[in-house]
Amino acid sequence: HPEDRPKIEEIAERMRHGDNGRFEAEYRLRHRDGEWIWVLDRGGAHGRDADTGEIRFSGTRVDVTRRKQAELSLEYLADHDTLTGLFNRRGVDLSLRHSHAQCVRTRTPHCVSILDLDHFKRVNDTRGHLAGDQVLRVVAERLLTNSRDADWIGRWGGEEFLVFLHGATEAQAVAAVDRLRWAVAAEPIWFQGQQLRITLSAGIAACDLCDDTPDAVLGRADTALFLAKQQGRNRTCVSGWTTRARGSVVPMAVVVQDAIRAAELHGAYQPIVDLEDRRFVGEETLARILTSDGRILPADSFIGVAQDLGLLHRIDEMLFRAALRHRAEMPTRDGPLSLFVNLSGDLLHHPARVAALAERLPLPTGPLGARMVVTVSEYDVRDEGTRLARSLAPFLEHDCLLAIRDWSGDAAALERMHPLPISFIRFDPGLSQRAPLCERTRTKIQGVQQAAMRLGIICIAHHIEDEETANVLHALGVCWGQGFLFGRPSDPVIPPPDTPA
């Protein structure tokens, strides 16, 4: 078997050099009927032929397939839940510590989410435990079907599930977990001809790569879950805390509200390049909070809290105005440029605010002017495409372009969105990170890129940190790229005191 061959070749090499007189090994062989069987070889060498140099050895080979299958079955049952097929509590604990250590070692951001079925006890009490088991099985299937490729899911205990979100920032984790909650709640679960409507509450915690332990992240996720239940269930809450000078702990909610009140939210800008010739083609506008003690907070640390507070539309407004100020100063010597600014679904539910922001846009400045690109999430497009087109109309009428961010769908999904005037697709960062390692990911990216090309859409890859990743993505046809390889985000751009808000 290909997985066993290196081990056997190593044993053979040691024997050829006389380093090992006896050997014992378990490995798989292809049986003549085409199946893989497990065998146990035991033997020893009996000297080397003086003329040919061949080693003479003898031994026994025993078919141990049944024993090996029983052992593997016991190993599987030791860390998997028999009802759902997911990791059980032991499997979750082992996998969490392994994944956490790997992410810390590679400096990869990640989040942990605990999801709890709302009012599950009521199902068991009114419909019986067989109904409860059916609910748990179906929920597990829907979670697996709708999870991101890089993530894994386990049954944390009872009606609780744990999701490890590899490579996810706090904002990406919120989008991914909300997608899971929506998938569970979208369709009823049938049991003996009756419909059961199930919703989930979720708590999310992001890992601090410098200081956190798995237990600390779990504790914050559990606290956030408690908050979600306390606020009425069927929602996602994020554990958001920051520390000011002198070590006093202040809820991130207070920091966000203070920043909005004092207009201390500013834009930072990260370059976007053409992967063909590394030419500067645009920038992404990133939200930053400048605290009273001079610290700079990235968007990942406060966006989830702003969402819980219903303040995302205020964040969007301030960021859009910052982008407009920056647009006037962008260089034009390199040809047409694009300035991307992210908008939330929350802002698009406020049409009057959208119209007021659009009125701030100047008239088109010709082919050398930086084009504003409003960016919305794949989640918003998928769920509310028709309403989205109406909500975005004021921006599009003022010469803005449209981009879809965090794209993790396939080519067919992109084809179905052709009525929307999409100019750019920005891949989910996890796709970029996995592209050099996973053929399946490369095939997915290439399929989306080819569909995008037919539709006249430019694809952009994010989180490119090394030349290998950039070259792989370029070979797949991806046009533009963004990441530390090409430039880190700037410091927040703070307007002069007399600049209009």
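**Cavity, pocket, strand and core in a predicted model**

Me: In this predicted model, which helices each supply at least two residues of the lining of the largest cavity, and which of them gives the most?
Reply: Helices α6 (170–186) and α13 each contribute at least two residues to the lining of the largest cavity. The contribution of α6 amounts to four residues. The helix that gives the most is therefore, with helices taken as DSSP runs, α6.

Me: What is the volume of the largest cavity?
Reply: Two cavities of 30 Å³ or more are counted in the model. Rolling a probe the size of a water molecule over the atoms shows where empty space is left. For the largest cavity, the computed volume is about 90 Å³.

Me: How many residues of the lining of the largest cavity are charged?
Reply: The lining includes R148, R179, E378, D406 and D428. Q172 and S408 also belong to this lining, as do A175 and Y379. By class, the lining divides into three nonpolar and three polar residues, and the number of charged residues is five.

Me: Which residues lie nearest the centre of the second largest pocket?
Reply: The second largest pocket has a volume of about 380 Å³. Its lining is made up of 19 residues. R179 and E378, which also line the largest cavity, are among those nearest the centre of this pocket. The full set nearest the centre is R179, E378, S408, G409 and K444.

Me: Which helix gives the most to the lining of the second largest pocket?
Reply: At least two lining residues come from each of α5 (129–146), α13 (378–397), α14 (411–416) and α15 (429–434). The lining as a whole divides into four nonpolar, six polar and nine charged residues. With three residues, the helix that gives the most is α15.

Me: Is strand β4 largely enclosed by the rest of the structure or not, and why?
Reply: H110, V112, I114 and D116 point one way from β4, whereas C111, S113, L115 and L117 point the other way. Residues on both sides are buried. Because eight of the eight residues of β4 (residues 110–117) are buried, the strand is largely enclosed.

Me: Which residue of β6 stands opposite L115?
Reply: Strand β4 is joined by seven bridges to β6 (residues 160–166), and the two run antiparallel. L115 is one of the β4 residues. Opposite L115 in β6 stands F161.

Me: Which residue of β9 is the bridge partner of L117?
Reply: Seven bridges also join β4 to β9 (residues 200–206), and this pair runs antiparallel. L117 is a buried residue of β4. Its bridge partner in β9 is L200.

Me: Which helix supplies the largest share of the largest nonpolar core?
Reply: The largest nonpolar core has 72 residues, of which F302, F320, M372, V374, F395 and W407 touch the most other members. Eight residues of this core come from a helix spanning residues 312–327. The helix with the largest share is α10.

Me: Which residues does F395 touch, not counting residues up to four places away in sequence?
Reply: F395 is among the core residues that touch the most other members. F320 and V374, also in that group, are contacts of F395. The set touched by F395 is F320, L343, V354, L357, A358, L361, V374 and C400.

Me: What share of the 501 residues is buried?
Reply: The protein has 17 helices and 21 strands. Among contacts with a separation of 6 or more, 64% link residues 24 or more positions apart. The buried share of the 501 residues is 49%.

Key:
Residues are numbered from 1 along each chain as its sequence is written. This is a predicted model: local features need pLDDT of at least 70, side-chain atom pairs count only at pLDDT 80 or more; totals for chains, interfaces and linings use all residues. Side-chain values use heavy atoms; hydrogens and water are left out. On a 1 Å grid over the protein atoms alone, a cavity is a set of points where a 1.4 Å probe fits but cannot get out, and a pocket is an open set with protein on both sides within 12 Å along at least five of seven lines; lining residues have an atom within 4 Å of a point. Grid points are joined across faces, edges and corners, and a volume is the space filled by probe spheres set on the points. Ala, Val, Leu, Ile, Met, Phe, Trp, Tyr, Cys and Pro count as nonpolar, Asp, Glu, Lys and Arg as charged, and the others, Gly among them, as polar. A nonpolar core is a set of buried Ala, Val, Leu, Ile, Met, Phe, Trp, Tyr and Cys residues joined through side-chain atoms within 4.5 Å. Buried means under 20% relative accessible area, exposed over 50%, partly exposed in between (1.4 Å probe, protein chains only). Contact means heavy atoms within 4.5 Å. Two strands pair if DSSP finds at least two bridges between them.
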